[in-house]
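Colleague: I am new to this model and would like to know what stands behind the terms used for it. Could we go through them one at a time?

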Amino acid sequence: MTQANRTNPKTRPAIFFDRDGVLNQDHDYVHKIVDFHWIEGAIEAIRCCNELDYFVFVVTNQSGVGRGYYTEQDVHIIHTYMQDELKHHGAHIDAIRYCPHHRDAIHAEYKIECHCRKPKPGMIKDILSSWPVEISKSVLVGDKPTDLEAAKRGGIRSLLYEGGDLSVLLKNNGYL
Ligand SMILES: [Zn+2]
């Protein structure tokens, strides 16, 4: 057995962010870079999280995929763009999970009662099972009741974002 196998990975707290309405302005089914506009303080908030050694995760419902408004490829393009933008500012997201499903989806492959669409906690639980997260010190930042419910069901705290500078919200609540 190697040393790495004997040593538990060091756990770190995580900040989970909803995407639309928290990291970028929510213009209904944002799926083009031209429509992607960062929320005030979002890049700063992520960079501070990185510097403080938090994991940074994004968990986002993207039922627009299932509804046929855009494709998973479009989602990946947006997420690559976000990571590129963050990189220019010395910041990064550790992992992004999205849910493309919806019960009214027009594509059969997405027309399922999945376990990942918030308020279900599937995306959070998936990340918690894959990363060494210090759950008791972690929080999800969301702008909708479904975000807060998903956090609760995933066993982590939540913080409601209601506009303004995102980094200030995290600072005022003692996370940064
Ligand atoms: Zn899903």
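Colleague: Which residue is the bridge partner of L140 in β5?
Modeller: In this predicted model, L140 is bridged to S158 of β5.

Colleague: How do you know that β4 and β5 pair?
Modeller: Pairing needs at least two bridges. Strand β4 (residues 139-142) and strand β5 (residues 157-160) have 4 bridges, in the parallel sense, so they count as paired.

Colleague: What makes a β-α-β unit with β4 and β5?
Modeller: Helix α6 (residues 145-154) completes the unit, which is right-handed. Helix α6 lies across β4 and β5 and runs at about 165° to β5. Angles over 145 degrees count as roughly antiparallel, so α6 is roughly antiparallel to β5.

Colleague: Why is α5 called oblique to α6?
Modeller: The axes of helix α5 (residues 122-130) and α6 cross at roughly 40° and come within 8 Å. Roughly parallel would require an angle under 35 degrees, and roughly perpendicular 65 to 115. The crossing fits neither, so α5 is oblique to α6.

Colleague: Which residues meet there?
Modeller: From α5, I124, K125 and L128 meet A150, A151, R153 and G154 of α6. The contact has 4 nonpolar, 1 polar and 2 charged residues.

Colleague: Why do β3 and β5 stand at the edges of the sheet?
Modeller: The open sheet has 5 strands in the order β3-β2-β1-β4-β5, with parallel pairing. β3 (95-99) and β5 each have a single partner strand, so one side of each has no neighbour in the sheet.

Definitions and conventions:
Residues numbered from 1 in each chain as written. Predicted model: local features only at pLDDT ≥ 70, side-chain atom pairs only at ≥ 80, totals over all residues. Heavy atoms only, no water. Helix = DSSP H or I, 4+ residues; strand = E, 2+ residues; numbered from the N terminus. Right-handed = clockwise from strand over helix to strand, strands pointing away. Axes fitted to C-alpha atoms, helices over the stretch in contact; angles between N-to-C directions. Contact = heavy atoms within 4.5 Å. Nonpolar A, V, L, I, M, F, W, Y, C, P; charged D, E, K, R; others polar.
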